[in-house]
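Notebook out, model open. I'm jotting down what I look up as I go.

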Amino acid sequence: MRAWALWFLFFLGAWAQGGLTSPPPDLSPEVFAIARELRCPVCQGESAAESNSGVAVEMRRLIAEMLGEGKTKDEIKAFFVERYGEWILYEPPKRGVTLWVWLLPVLGLILLGLGLFAYFRPKKPLPPELLEEAERRLKEPQ
Amino acid sequence: MTPALLGNLGVSLALAFSLLGLALSLLAYHQGDGRFLRGAKALVAPAFLAALAAFLALEWALITHDFSVAYVARNHSVQDPLWVTLVTPWAALEGSILLWGLLQTLYTFLASRKPLDPWRASLVLAVLFGIQVFFFGVMATIASPFQTLPNPPADGVGPNPLLQNHWMMAVHPVLMYLGFVGLSVPFAYAVAAMVVRRYQTWVGETRWWTLIAWGFLTAGKVAGMWWSYEVLGWGGYWAWDPVENASFIPWLLATAFLHTAIVQETRGAFKAWNFAFVTLAFAATVLGTFLTRSGVIQSVHAFAEGPVGPAFLGAFLFFTALGLGLLSRVSREVRDTVVFRPLSREGALLLGAFFFAGWALVVVLGTFYPLLVEAFAGAKVSVGAPFFNQVSAPLGVGILFLMGVGPLLPWRKPRAEVFRNLYLLLGVLLLGTLGGLLRGYTLGASLAVGLFLYNTAAILLLVREGVLARVKAGLSPWGFLANRRRVGSLVVHFAVALMGLGIAFSQTYRLESEKTLYRGQAWEVGGVRMELLGVRALDEGRRFAVEASLRTDRFGEVRPRLHFYPQMNSPLPAPKVVYTPGNDYYFLLMDFDREKGEWASIRLIVTPLVFWMWVAGGLMALGTLYILWPVARREELKGVSPA
């Protein structure tokens, strides 16, 4: 066996210590549905459903456990919010500082609608004296 | 001669040629002297060759394992297979900028060969040389790919294992850069048009460039989605990760530009929109690099961080200010004077472009919002996939709706027979959606079915219209295929509708389940029955693999794996994906018994219609190719410049 195969064994040991030594629990589709809405706190841009880090594995285990105890989705999410703050939620709450991220697109859409309405509205006709002037000039020999 | 020496020489020469070219083309414009312009043109090819030399020097350093080059030491290992070594130039920041710079000199070279009046030619060259000065300036100062190490290591760590795990990584970044850089040519023409106050012709002249850039961006995005699906082991293709968003924004703006450009070409209207869209689309490519490389947003894609962020932010602000500043100077002259009806081709195109631009705005908002909150309120918030999905859904529905009806509407005024078509299409949409609801699909999925059928019907109506017109004129109906622009765009539109269907279903009906199986234990889930045969470890040289063997009733034996790389502290999953036209079955090995190999945790993800999204991606690329390819050649033969 190659020298760094030893490293592999060492590494496996380290990985195992971070996680669980007994097999992980079975996870139902509901667990993933909840985990997907929670951020994995130690990862970069991964949800608790995707990440393979120890924390995410533990979060999935907790969700499965709480679902087994009959807790609802909202109760489970509230548990993690209490633990990590609202930052843990991938869906920003529609209040407080994150209210605006929801409101701005709606406001933008309204502004856009008004702008388009103005754009498509028939333009005011030119004043008659200007039209006469234009007509006169067009008829003039070059 | 060492690779580092050649590389530094190449970068310095490319910078010098670009600076000189910029000065000469500006002089050519100000003095109105053709000799300066000839001089600037003469520098285009040398700049490209210098950049090519620098790029080849990096490949040389990688192939010869020259670890005295810091980039090689950081991103290469003697154990890397040859193909990984060859694609390592774009595995990290400095090499990516070098590739970008090289492609920019190539596009400048191609653009400079098209005949153009001397005034605009000098301005177009000035803009393109200016962009080159920025890239090679960055490489010569803060992000040199050829920085050397005083004490080179004997071996490096190799590139990020995520990049070694799939051959798609050889393709996806190059396609993206080809698309990003392609947008610089229409931008340069737009700047020239605004300076010399000739507002009409540039869109037609750069149509091919815009389409080429759009085609590469689209192919690059789909390739990236597929890579994410095959490699990242989460069974998804789009995470609304900041880096994905960063490359989605230019795509959205380029799509908006592509559609309003048609109106300017045909009716001479929307000039101001086109200037604005092309500026923002090009500037967004630079903004994307700022997002990716400055480390301001933590993300899985942020492979490298460096001092480059501020430089790219500055460049973004400069290009935006240049384009929009010029636009505000000439805004009175580019104002539309024609009356538009919403129920016309141009009305639908403008509305569609607004949906795309609005979508870009929403993505920018969602991506930057956590940054703004952190900067001004000091709080940490997350804006993730649930937000983006919710705001994107109505925009996507609006776009899919306009896509069906838009091409059927005539320019200016709707004719009476158009209304018959409209009612027919609305009927199809309604029936399709109702049919979906009756089958028990969710509202979103039903709407996707309705919109897919509606778009297919609209395309069939258009084909029928075109063929009938030819038959009536006594021409062969097959001649319709010669209308490449129309046929190609219909192919792309059909692909978009198909993509929409795939996205709606794969997002709505995804089944994900995980179970620990002991050897010989069976599990039935998602319509598959599987049995664990065993777990084994394999030594593959640069990595270790642990493989679980599963016997399934429908797909024979499948072997999902975990890969252990020395430079990663957690294993990378190598899923086994079984593609079928209905559902995709995605087998993942999550964990295993390290002592005896008695058990393995298996995750199965069943996602419908993902297969069709890759088909749609291929169709989009083919449709774009169909529009571009032979017509460009034919027009060139006729002496008409396509650029």
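What percentage of the contacts in chain A between residues at least 6 apart in sequence join residues at least 24 apart? I get 42%, with a contact meaning heavy atoms within 4.5 Å.

Note to self on the ground rules: this is a predicted model, where local features need pLDDT of at least 70, side-chain atom pairs count only at pLDDT 80 or more, and totals for chains, interfaces and linings use all residues. Residues are numbered from 1 along each chain as its sequence is written, chains are lettered from A and ligands numbered from 1 in the order in which they are written, and side-chain values use heavy atoms, with hydrogens and water left out.

Chain A next. I find six helices and zero strands (DSSP runs numbered from the N terminus: H or I of at least four residues for helices, E of at least two for strands). Of its 142 residues, 35% count as buried, that is, under 20% relative accessible area with a 1.4 Å probe, protein chains only.

Then chain B. I looked up its elements and found 21 helices and ten strands. Of its 643 residues, 60% count as buried. For contacts in chain B between residues at least 6 apart in sequence, I noted that 73% join residues at least 24 apart.

I also checked the overall dimensions. The C-alpha trace of chain B spans about 80 × 70 × 55 Å along its principal axes.

Last look, charges: chain B carries 49 positive and 35 negative side chains, counting Lys and Arg as positive, Asp and Glu as negative, and leaving out His and the chain ends. The centres of the two sets lie 14 Å apart, with each charge placed at NZ of Lys, CZ of Arg, CG of Asp or CD of Glu.

Note on methods. Buried means under 20% relative accessible area, exposed over 50%, partly exposed in between (1.4 Å probe, protein chains only).
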